[in-house]
Amino acid sequence: MNPQGTNNEQRVGEQVLITKRTARWAKLAVLAAGVLALAAVTISPSYAANDTEVYIVQGLPGKNLDVEIDGKSVASGVKTADVAGPFKVKPGKNTVTFSENGNEVLKRTFSVKDGGKADVVAHLPASSSGDPLVTVYKYEDVKVPKGKAFLAVSHTAAVPPADIQVNGQVLFANIANGESLDLTVPVATYKVAIVPSGKKKPVYFGPVSLTVKGGAINLVYALGDPDKKTMNVAVHVVETGKTGSDKPSEVNTGTGGQAVGEGPALQVNLAR
C-alpha cells in the first residue's frame with residue numbers, strides 16, 4: 001500500500017461505507033492470522049485478468065447468516081467470524097443481502113472494479129445500538145517480498161477509536177470503526193491487545209498470540225461488542241506468489257489510525 005495515503009470516501013445507508021486511505025509503514029509486525037485458529041481461512045484464488053471476486057466476512061455476533069449477491073444465494077448459515085468465498089461478481093455495483101431464518105438483517109450495495117478482489121464485511125458500528133454496516137476492503141495486485149507477509153488490520157468492532165498494543169506497548173493509535181492499517185511484516189508471533197485510545201483499560205480484546213503467515217496477504221478483522229463479551233477476530237489469509245520485490249504494490253483497504261512515532265515504540269528482536 002502507498003505509505004503516503006490517499007483521499008477518503010464514505011457513503012452510508014444503502015450505500016456501502018467504503019473508506020480508502022493508506023497508512024504509514026511500520027517496522028514491527030502486529031495482528032495477523034494464525035495461532036487463534038478462530039476462523040482462519042487459507043485460500044489460493046486465481047489472479048487472472050478480469051477475474052472479479054469477493055469474499056464475505058461475517059462480523060455480526062451471535063448470528064448464522066444466509067448471503068445473497070444480486071439476488072442469488074451464495075452461502076448459507078455463515079457463522080460469526082467465518083469467511084466465505086470466493087464468489088464471482090460482475091464489475092461495478094453489486095448488492096449483498098444478509099438474512100437469518102428468512103428475515104433480512106442487512107442489505108447494501110458495493111462496488112468492485114473489473115478484476116478486483118475484496119472482502120465484504122458485515123459488522124457492528126462503533127455503537128452497538130446502531131444499525132449494522134457493510135465495509136468493503138479491497139486488495140488487488142499485491143506482491144509479497146521474500147520472507148515477509150502482507151498484513152491489513154481492520155477495526156470492525158462496536159468500540160470507539162482504539163489503540164493496538166503489541167507486547168504491552170502501543171504500536172498503532174486511534175483507529176476508528178471501519179478503518180484499517182496495512183504493512184509488510186516479518187514472519188513472527190506477537191502478543192496483541194486492543195484498548196481504548198490513549199488508555200490501558202479496559203482491555204477490549206486480548207492479549208492473544210497471533211502469527212502472520214509468510215508469502216501471503218493476512219487480513220485481520222477485530223469484531224464484536226466488549227460490553228456483551230462477544231469480541232472476536234476474523235482472519236482471512238490469501239496465498240500469493242513470492243515476488244522478491246522490495247515493496248508490495250498498492251492495496252485498497254480502509255483508512256486507519258497511525259503508527260506511533262516514525263518507528264515502533266516497542267523494541268523487540270524480530271529475527272527468525
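**Chat: a buried asparagine, salt bridges and a sheet**

Reader: Let's start with N218. Buried or exposed?

Author: N218 has a relative accessible area of 0%, so it counts as buried. Keep in mind that this is a predicted model.

Reader: And where is N218 found?

Author: In strand β16, which covers residues 216-224.

Reader: What does the side chain of N218 reach?

Author: It reaches the backbone nitrogen of K213, at 3.0 Å. A polar atom of the N218 side chain also lies 3.2 Å from the backbone oxygen of A216.

Reader: OK, so what does β16 pair with, and how many bridges join the two?

Author: Strand β16 is joined to β17 by eight bridges, and the two run antiparallel. One residue pair to look at is L223, whose bridge partner in β17 is N232.

Reader: Remind me what holds paired strands together in a sheet?

Author: Backbone hydrogen bonds, and the pairing can be parallel or antiparallel.

Reader: How many of the eight residues of β17 are buried?

Author: Seven of them, so strand β17 (residues 232-239) is largely enclosed by the rest of the structure.

Reader: Switching topic. How many salt bridges does the structure hold?

Author: Seven. One of them is between the side chains of E53 and K117, at 4.0 Å from N to O.

Reader: Which parts does that pair tie together?

Author: E53 sits in strand β2 (residues 53-59) and K117 in strand β8 (residues 117-123), so the contact ties together parts that are 64 residues apart in sequence.

Reader: Are those two buried or exposed?

Author: E53 is buried, and K117 is buried as well.

Reader: Which residues are linked with E53 and K117 in a network of salt bridges?

Author: D51 and K88 are linked with E53 and K117 in that network.

Reader: What about K63, which side chain does it meet in a salt bridge?

Author: The side chain of E100, at 3.5 Å from N to O. That pair links distant parts of the chain, with K63 in the loop between β2 and β3 and E100 in strand β6, 37 residues apart.

Reader: How do K63 and E100 count, buried or partly exposed?

Author: K63 has 27% relative accessibility, so it counts as partly exposed. E100 has 19%, and the cut-off for buried is under 20%, so E100 counts as buried.

Reader: Got a salt bridge that involves D70?

Author: D70 and K90 meet through their side chains at 2.9 Å, N to O. D70 is in the loop between β3 and β4, K90 in the loop between β5 and β6, and they are 20 residues apart.

Reader: And the accessibility of D70 and K90?

Author: D70 is partly exposed, with a relative accessible area of 38%. K90 is also partly exposed, with a value of 42%.

Reader: Back to β2. Which strands form a sheet with it, and in what order?

Author: The order is β5-β2-β8-β9, an open sheet of four strands with mixed pairing.

Reader: Which strands stand at the edges?

Author: β5 and β9 (133-138). Each has a single partner strand, so one side of each is left without a neighbour in the sheet. From one strand to the next, the twist averages 20 degrees.

Reader: How do β2 and β5 run?

Author: Antiparallel, joined by four bridges. V57 stands opposite V83 in β5.

Definitions and conventions: Residues numbered from 1 in each chain as written. Predicted model: local features only at pLDDT ≥ 70, side-chain atom pairs only at ≥ 80, totals over all residues. Heavy atoms only, no water. Buried < 20%, exposed > 50% of the residue type's maximum accessible area, 1.4 Å probe, protein only. Pairing = 2+ DSSP bridges. Polar contact = N/O pair within 3.5 Å; in protein donor to acceptor, adjacent residues only side chain to side chain. Axes fitted to C-alpha atoms, helices over the stretch in contact; angles between N-to-C directions.
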